[in-house]
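This report goes through a single protein chain, from a local helix to the overall make-up. The sequence and the coordinates come first.

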Amino acid sequence: MLCTKIDAKDKRNMGRQYGIDALRIVSMFMIVVLHVINLGGIMDCAHSTNYAIAELLKVATFCAVNCYALISGYVGIGAKYRIANIIYLWCQVIFYTVTITILVNLFFPQAIGIKDYLKAFTPVLTEQYWYFTAYFVMFFFIPFMNRLINTLTVREMKLLMITIVAIFSILQTIRNYSVFYTNGFDCFWLAFLYLIGACIKKSGLDAKIRKKNAAITYFISVFITLGGYWLQKQFVPRYQHFHIQEKH
């Protein structure tokens, strides 16, 4: 996953934030769990104990990517913006996509063609990795979003966060449809989360949140989400075989 890159000088100015590092590690572990659940086949075994456990784990870890986007805003508001950062990230992505394509070609030559190599060298245009594609677009708007946050009062920042959550999260959850054309896998959603992360840092809200309260809120949210999905499956026919969607 990607996060706003900070050079050594910026890190010295901000100080090492071990809580953010820990959140990155936990989020990456959650992403691994999500992929194992999605690709392991357990979600095809409905009405079993293992399925119920997998469903619980999936709901509990589904916030992982959102955490990375929040971190981008939290860290990015205090970092110096450099175009070179996105070029560096682009080169990293190309390195991995090309390397993986070459390896697949060695073992399964019939499965790889010229188009696959072209896609490997153009990861954004061909959406090889949805997060990088969305982040790439959002990256060029970071200085404008930072300038917006820096001009807001603490009260306005809190209002902005409430507005984003209410409109693009709560309303769409109630409707269960991408009413405003944000599906959680696009640059707009990453931008909204970036703004929330930046507001949390700039307003000092993070210093006021107690760890115990944050943990309680997380577990309550998980069980509320599970309860909501269970009710949907019971009373809405098209949710009888519900699966949480995820993009890889």
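## Helix H7 and the packing around it

The model is predicted. Helix H7 has as its buried residues Trp130, Tyr131, Phe132, Thr133, Ala134, Tyr135, Phe136, Met138 and Phe139. That makes 9 of its 10 residues buried, so H7 is mostly covered under the cut-off of 20% relative accessible area. The partners against which these buried residues pack are H4, H5, H8 and H10.

H7 also contributes to the largest nonpolar core, which has 37 residues; Tyr131, Tyr135 and Met138 are the ones with the most contacts inside this core. At least two residues of the core come from each of H2, helix H4 (64-76), helix H5 (83-107), helix H7 (130-139), helix H8 (142-151), helix H9 (154-175) and helix H10 (187-203). H10 gives the largest share, 11 residues. Another core lies apart from it and has 5 residues, including Val33, Ile37, Met43 and Tyr51.

Which residues does Asp186 touch, leaving out those up to four places away in sequence? They are Trp130, Ala134 and Tyr181. Asp186 sits in the loop between H9 and H10. The C-alpha atoms of Asp186 and Ala134 are 5.2 Å apart, although 52 residues separate the two along the chain. Asp186 has a relative accessibility of 14% and therefore counts as buried.

## Helix H3 and its contacts

H3 consists of 13 residues and spans 19 Å from its first C-alpha to its last, close to the 18 Å expected at 1.5 Å a residue. Its buried residues are Tyr51, Ala54, Glu55, Lys58, Val59, Ala60 and Thr61.

Thr61 belongs to helix H3 (residues 49-61). Beyond its neighbours within four places in sequence, Thr61 is in contact with Met30, Val33 and Leu34. Val33 is also among the residues of the 5-residue core.

Val222, in helix H12 (residues 211-235), is in contact with Leu56, Val59 and Ala60 when neighbours within four places in sequence are left aside. Val59 and Ala60 are both listed among the buried residues of H3. From Val222 to Leu57 the C-alpha to C-alpha distance is 9.4 Å, with their positions 165 residues apart in sequence.

## The salt bridge in H2

How many salt bridges does a search of the whole structure find? The search gives 1. The side chains of Asp21 and Arg24 form a salt bridge, with 3.0 Å from N to O. Both residues lie in helix H2 (residues 18-40), 3 residues apart, which is about one turn of the helix. In general, an α-helix has 3.6 residues a turn, so residues three or four places apart point the same way.

Asp21 is on the buried side of the 20% cut-off because its relative accessibility is 18%. Arg24, at 24%, is above that cut-off and so counts as partly exposed.

## Accessibility of selected residues

The table collects the relative accessibility of residues discussed in this report.

| Residue | Relative accessibility | Class |
|---|---|---|
| Thr61 | 7% | buried |
| Val222 | 7% | buried |
| Asp186 | 14% | buried |
| Asp21 | 18% | buried |
| Arg24 | 24% | partly exposed |
| Tyr129 | 35% | partly exposed |

## Surface patch

Tyr129 is located in the loop between helix H6 (114-121) and H7. With a relative accessibility of 35%, Tyr129 counts as partly exposed. It is one of the residues of a nonpolar surface patch, together with Phe95, Tyr96, Ile100, Ile102, Leu103, Val104, Leu106, Phe107, Phe108. The accessible area of this patch comes to about 1,000 Å².

## The chain as a whole

The secondary structure comprises 12 helices and 0 strands, and the order along the sequence is α-α-α-α-α-α-α-α-α-α-α-α. The chain has 248 residues, of which 35% count as buried. About 15,400 Å² of the chain is exposed, and carbon and sulfur atoms supply 68% of that area.

Of the contacts between residues at least 6 apart in sequence, 76% join residues at least 24 apart. The pair Val222 and Ala60, in contact with each other, links H12 to H3.

Conventions. Residues are numbered from 1 along each chain as its sequence is written. This is a predicted model: local features need pLDDT of at least 70, side-chain atom pairs count only at pLDDT 80 or more; totals for chains, interfaces and linings use all residues. Side-chain values use heavy atoms; hydrogens and water are left out. Helices (H or I, at least four residues) and strands (E, at least two) are DSSP runs, numbered from the N terminus. Buried means under 20% relative accessible area, exposed over 50%, partly exposed in between (1.4 Å probe, protein chains only). Contact means heavy atoms within 4.5 Å. Accessible areas come from the Shrake-Rupley method with a 1.4 Å probe; for residues, only the protein chains shown count as cover. A salt bridge is a side-chain nitrogen of Lys or Arg within 4 Å of a carboxyl oxygen of Asp or Glu. A nonpolar core is a set of buried Ala, Val, Leu, Ile, Met, Phe, Trp, Tyr and Cys residues joined through side-chain atoms within 4.5 Å. Patches are made of residues with over 30% relative accessible area and no salt bridge: like charges are joined within 9 Å, nonpolar side chains (Val, Leu, Ile, Met, Phe, Trp, Tyr) within 5 Å. The expected span of a helix is 1.5 Å times one less than its number of residues.
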